[in-house]
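Visitor: Could you show me the model and walk me through its side-chain contacts?
Guide: Gladly, here it is.

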Amino acid sequence: MAKKEMDYSAEQPKRGKLTRRLLKIAIVYILLDNIVSSYAKYRKRRDEKLEEENADSAYKTYDLFMNSKEIKIGDERFSGANIKNCLGGVNLDLQELKMTSDVFLNITNVFGGISIKVPYGVNVKCDCKCLSGGVSNMVPEYEGEDVHTIYIEAKVTFGGLAVTAAKSVDETVEDMFEEGVLENLSKEIVKESGIGKEMGGKESGVGEIIDVAAAKEDGTQNSDKEE
């Protein structure tokens, strides 16, 4: 009997320690949950405020944390942007931007990736400081009085920044040729217009199809004039 009482009294401190540990864990979890929830609400209010400010300003501000964002700037006024990115990704699309003056971008990137696509025919000047990160500027340099410049000042830490240019019309057409898009389109035109009959049903390139179509159009116009 005495031995059972001793075993019971020895188990009591162990149960008490386990209870206290579980209680501490529960308190820490509740505190962390409240902190995360409060921060999420703060970020949401801040993002909404920044969106309102960006709508009325030519200089935009973006602040991202553990998030990703697609930013597309088109016809609206745009003089530059301040972009902060931590543990996230940003895709800044300026391809449709009609530049009337130089643009200035101030970027801070930590443990994240940022991609910037600029309009065709503009210059890009980068002043970047990197710590275990990388910056790639693939935009060719253009000359001329009417050529505008996008100035990028960036701090990159354990992340990456890539800048590329939109393709010209000629480059886009060349890509379509290489991918066979125009070839397939020409075949569809042949089927729908009946040009294939005049070509003897043989397969031809885009240039030959255009020549036959032009000749057919000239013949139609001449017949209209005779009537």
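Visitor: How many aromatic pairs does the structure hold?
Guide: This is a predicted model, in which local features need pLDDT of at least 70, side-chain atom pairs count only at pLDDT 80 or more, and totals for chains, interfaces and linings use all residues. Residues are numbered from 1 along each chain as its sequence is written, and side-chain values use heavy atoms, with hydrogens and water left out. Rings of Phe, Tyr and Trp (its six-membered ring) pair if their centres lie within 6.5 Å; planes under 30 degrees apart count as stacked, over 60 as edge-to-face and the rest as tilted. By that rule, the number of aromatic pairs is five.

Visitor: What is the angle between the planes of Y39 and F65?
Guide: The centres of these two rings are 5.9 Å apart, and the pair is edge-to-face. Y39 lies in helix α1 and F65 in strand β1 (residues 59-65), so the pair ties together parts that are 26 residues apart in sequence; helices (H or I, at least four residues) and strands (E, at least two) are DSSP runs, numbered from the N terminus. Y39, Y42 and F65 also form one aromatic cluster. The angle between the planes of Y39 and F65 is 90°.

Visitor: Are the rings of F111 and F158 stacked or edge-to-face?
Guide: F111 lies in the loop between β5 (103-110) and β6 (113-118), and F158 in the loop between β9 (149-157) and β10 (160-165), so this pair ties together parts that are 47 residues apart in sequence. The ring centres are 5.0 Å apart and the planes lie at 5°, so the pair is stacked.

Visitor: What is the phi of F111, roughly?
Guide: Most residues other than glycine have a negative phi. F111, in the loop between β5 and β6, is not a glycine, yet its phi is positive. The value is about 50°.

Visitor: Which residue in the loop between β1 and β2 should I look at for its phi?
Guide: The loop is the one between β1 and β2 (68-72). The residue has a positive phi near 55° and is not a glycine. At 58% relative accessibility it counts as exposed; buried means under 20% relative accessible area, exposed over 50%, partly exposed in between (1.4 Å probe, protein chains only). The residue is M66.

Visitor: Which residues are joined into one network by salt bridges that share partners?
Guide: A salt bridge is a side-chain nitrogen of Lys or Arg within 4 Å of a carboxyl oxygen of Asp or Glu, and the count comes to five. R43 meets D63 at 3.8 Å, N to O, and D63 meets R46 at 3.2 Å. R43 and D63 are both buried, whereas R46 is partly exposed at 28%. The network joins R43, R46 and D63.

Visitor: How far apart are the closest N and O atoms of E141 and K125?
Guide: E141 lies in the loop between β8 (134-137) and β9 and K125 in strand β7 (residues 123-131), so their salt bridge ties together parts that are 16 residues apart in sequence. E141 is exposed at 63%, while K125 is partly exposed at 38%. The closest N and O atoms are 3.7 Å apart.

Visitor: Which residues form the negative surface patch?
Guide: E53, one of its members, is in helix α1 (residues 2-56) and is partly exposed, with a relative accessible area of 41%. Patches here are made of residues with over 30% relative accessible area and no salt bridge, like charges being joined within 9 Å and nonpolar side chains (Val, Leu, Ile, Met, Phe, Trp, Tyr) within 5 Å. The patch is formed by D47, E48, E52, E53 and D56.

How values were computed:
Accessible areas come from the Shrake-Rupley method with a 1.4 Å probe; for residues, only the protein chains shown count as cover. Lys and Arg count as positive and Asp and Glu as negative; His and the chain ends are not counted. The place of a charge is taken as NZ of Lys, CZ of Arg, CG of Asp or CD of Glu.
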